[in-house]
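Open your viewer and get your selection tool ready. We will go through this model one stop at a time.

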Amino acid sequence: MLEGKAIVGETDMLQTMQKDALHLAAKALDIFEATESTDIAQFIKKDFDRAYGPGWQCVVGMDFSSFVTHNRGCFIYFCVGSLAILLFRGAVNQSREANLFPTFEALNA
């Protein structure tokens with residue numbers, strides 16, 4: 001099982017969620033080839049959406065950079081061999097966001 005081979009780089013998730021993420025990555029790598037990064041990401045994202053609610057994003061690859069805003073307690077970055085996996089929940093409350101960022105028309109009124 002690949003869980004033992006995963007190296008967690010950064011996280012603020014609870015231990016149970018971390019274990020779920022590592023388990024899903026191992027399961028995805030049993031199903032898909034490591035080169036099928038989009039399928040792996042989709043597999044992990046959909047399961048986290050089901051288990052923990054919508055808004056999860058997953059990036060899988062061998063060479064990428066990122067800078068993301070995430071909900072507290074909903075971020076993990078880990079590697080399995082040369083494959084890096086970034087999983088985070090980045091949903092925002094649409095009504096709150098609308099109040100924080102006024103429209104162009106409102107700014108010019």
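Let's begin with helix α2: select residues 37–52. Keep in mind as you look that this is a predicted model.

**Stop 1: the length of α2**

How far apart are the end C-alpha atoms of helix α2? At 1.5 Å a residue, its 16 residues should span 22 Å, and the end C-alpha atoms are indeed 22 Å apart, so the expected and modelled spans agree.

**Stop 2: the two sides of α2**

Now colour Ile40, Ala41, Ile44 and Phe48, the buried residues of α2. Turn the view until you look down the axis of the helix: these buried residues fall within an arc of 95°, so they line one face of α2. Here is the background to that pattern. An α-helix has 3.6 residues a turn, so residues three or four places apart point the same way.

Next, pick Thr38 and Arg50, which are exposed on the other side of α2. What do the buried residues of α2 pack against? Show α1 (15–31), β2 (56–61) and β4 (83–89), and you have their packing partners. Before leaving, click on Gly53, just after α2, where phi is positive at about 95°.

**Stop 3: Leu24 and Gln18 in α1**

Move over to helix α1 and select Leu24. Is Leu24 buried or exposed? With a relative accessible area of 6%, below the 20% cut-off, Leu24 is buried. Beyond the residues up to four places away in sequence, Leu24 touches Phe43, Ile44, Asp47 and Phe48. Two of these, Ile44 and Phe48, are among the buried residues of α2 that you coloured earlier.

Gln18 lies in α1 too. At 11% relative accessibility, Gln18 counts as buried. Setting aside residues up to four places away in sequence, Gln18 touches Thr11, Met13 and Ile76.

**Stop 4: Lys45, back in α2**

Select Lys45, found in helix α2. At 24% relative accessibility, Lys45 counts as partly exposed. The C-alpha atoms of Leu24 and Lys45 are separated by 9.5 Å, although these residues are 21 residues apart along the chain. Try another distance: Lys45 and Leu87 are 42 residues apart in sequence, and their C-alpha atoms are 7.6 Å apart in space. Leaving aside neighbours within four places in sequence, Lys45 is in contact with Trp56, Gln57 and Cys58.

**Stop 5: the aromatic rings**

Show the side chains of Phe48, Tyr52 and Trp56, which ring pairs link into a cluster. How many aromatic pairs does a search of the whole structure find? The search finds 5. One of them joins Phe48 and Trp56 in an edge-to-face arrangement, 4.9 Å from centre to centre, with 70° between the planes. Phe48 counts as buried at 0% relative accessibility, and Trp56 is likewise buried, with a relative accessible area of 0%.

**Stop 6: β4 and its partners**

Now select strand β4, which is mostly covered: 6 of its 7 residues are buried. β4 pairs with β2 in the antiparallel sense, over 6 bridges. To see one of these, find Gly61, whose bridge partner in β4 is Ala84.

Then add strand β3, residues 75–80, which also pairs with β4 in the antiparallel sense over 6 bridges. Here, Phe78 stands opposite Ile85 in β4. β3 and β4 form a hairpin with 2 residues between them, and Gly81 in the turn has a positive phi of about 65°.

**Stop 7: two cysteines**

Select Cys74 and Cys79. Cys74 is buried, with a relative accessible area of 10%, whereas Cys79 counts as partly exposed at 23%. How many disulfides are there? The count comes to 0. If the term is new to you, a disulfide is a covalent bond between the sulfur atoms of two cysteines.

**Stop 8: the whole chain**

Finally, zoom out and display the full cartoon. The protein chain has 4 helices and 4 strands, and read along the sequence they follow the pattern β-α-α-β-β-β-α-α. Of the 109 residues, 30% count as buried. Among contacts between residues at least 6 apart in sequence, 54% join residues at least 24 apart. The contact between Leu24 and Phe48 is a good one to revisit as you turn the model.

Technical notes: Residues numbered from 1 in each chain as written. Predicted model: local features only at pLDDT ≥ 70, side-chain atom pairs only at ≥ 80, totals over all residues. Heavy atoms only, no water. Expected span 1.5 Å × (residues − 1). Buried < 20%, exposed > 50% of the residue type's maximum accessible area, 1.4 Å probe, protein only. Arc of directions from axis to C-beta. Contact = heavy atoms within 4.5 Å. Disulfide = S-S within 2.5 Å. Pairing = 2+ DSSP bridges. Phe/Tyr/Trp six-rings, centres within 6.5 Å; stacked < 30°, edge-to-face > 60°.
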